Amino acid sequence: LHSNADITYRTEESKGILATILDIQPKESSGTGGETREDKVMKIADNLLAKTPADFNPDTVASNIKRLGGTFKNSLNVFLKQEIDRLQILIRLTRKTLVELKLAIDGTIIMSPTLQDALNNLHDGRVPTAWSKYSWHAATLGLWFTELLMRYEQLFNWLTVERPKSFWIAGFYNPQGFLTAVQQEVTRNKHGWALDDVILKTEVTKMEKSDVNAAPEEGVYIHGLYLEGAGWDKKNSRLAEALPKILYTELPVLLITAQTTEKKVGRKLYPCPVYRTKTRNDLTYIFTVDLNCAEDRSHWKMRGVALLTNKDS
């Protein structure tokens, strides 16, 4: 195994110990004076409420979707509308929980089990269970709320300004749906192509996100994928051994388009799976990206090389 594997093991072991310490600490307020748990949570709730995004207006969403070309023949606009609808549910739930939690702390309403869970988790810097059911996994409350704002910003700018030149795929509830929409869009622009015969085609560019000045002529650019278990040789555009103590390497911007048949080429390729989080299973799997490599693919398979959309979860 690579020396970084030991770092990963010890990091996960430490996280487990710290999580256990948080779980077994006393939950009651201290009677010795000073700032109580409720006082701390009240400040956190006020801070989060001030930063919570505004609701999407249904009429504004409809008019902007129409401006972008409507949903009849534009698969990505259909996807955009679905993502906005799902995020709106979470925004409304987040605001409702914070408002009711403040009222419960003040004694205006009863502290329900759901609100008690929110109080405990906010105090510990973790995501309330009610929010997790409608969102994504995040290690801390700060990371979760930052991602909420980033997801909102991407969708809001796409809706009101223009389609992104490069998409942050980690910011979608349904990344598989996004890829299907891209596949449909490319197919519809090709005469004689049938969707059943089309497969995704991926190509790693040499651009970083800041280098993207325009969208591709066909397909989409995506960014925000992180290699685990390997590094990236930018000069030769292929996999390389990870540097010591560098656990994650951001992949350059990825071009995703479609093709009718899988082209066989002479170069060596490693079919790298892409997962939402560090927990690798069928529920977190998104798709597969072919990455250039100099070694046999079995070498990288033994390294456990994968791409993650979220390296902090």
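## Exercises on a predicted model

Helix 4 and helix 5 are roughly perpendicular to each other. The model is predicted.

**Exercise 1.** Work out why helix 4 and helix 5 count as roughly perpendicular, and which residues make the contact.

*Solution.*
1. Take the axes of helix 4 (residues 75-106) and helix 5 (residues 113-123): they come within 10 Å and cross at roughly 95 degrees.
2. Angles of 65 to 115 degrees count as roughly perpendicular, so the label fits this pair.
3. Helix 4 brings Thr97, Leu98, Glu100, Leu101, Ala104 and Ile105 to the contact. Helix 5 brings Leu115, Ala118, Leu119 and Leu122.
4. Sort these residues by class: 8 are nonpolar, 1 is polar and 1 is charged.

**Exercise 2.** Place Met42, decide whether Met42 is buried or exposed, and find its contacts beyond the neighbours within four places in sequence.

*Solution.*
1. Met42 sits in helix 2 (residues 37-51).
2. Its relative accessibility is 17%. Buried means under 20%, so Met42 counts as buried.
3. Beyond those sequence neighbours, Met42 touches Lys102, Ile105 and Asp106.
4. Ile105 is 63 residues away along the chain, yet the two C-alpha atoms are separated by 7.6 Å. Ile105 also belongs to the helix 4 side of the contact with helix 5.

**Exercise 3.** Describe the largest pocket and its lining.

*Solution.*
1. The largest pocket holds about 710 Å³ of space.
2. It is lined by 29 residues; Met150, Gln154, Trp168, Lys209 and His223 are the closest to its centre.
3. Helix 7 (141-160) and strand 1 (166-168) are the elements that give two or more residues to the lining. Helix 7 supplies the largest share, 8 residues.
4. By class, the lining has 11 nonpolar, 9 polar and 9 charged residues.

Conventions
Residues numbered from 1 in each chain as written. Predicted model: local features only at pLDDT ≥ 70, side-chain atom pairs only at ≥ 80, totals over all residues. Heavy atoms only, no water. Buried < 20%, exposed > 50% of the residue type's maximum accessible area, 1.4 Å probe, protein only. Contact = heavy atoms within 4.5 Å. 1 Å grid on protein atoms, 1.4 Å probe; cavity = no way out; pocket = protein on both sides within 12 Å on 5 of 7 lines; lining within 4 Å. Points joined across faces, edges and corners; volume = space filled by probe spheres on them. Nonpolar A, V, L, I, M, F, W, Y, C, P; charged D, E, K, R; others polar. Axes fitted to C-alpha atoms, helices over the stretch in contact; angles between N-to-C directions. Parallel < 35°, antiparallel > 145°, perpendicular 65-115°, else oblique.
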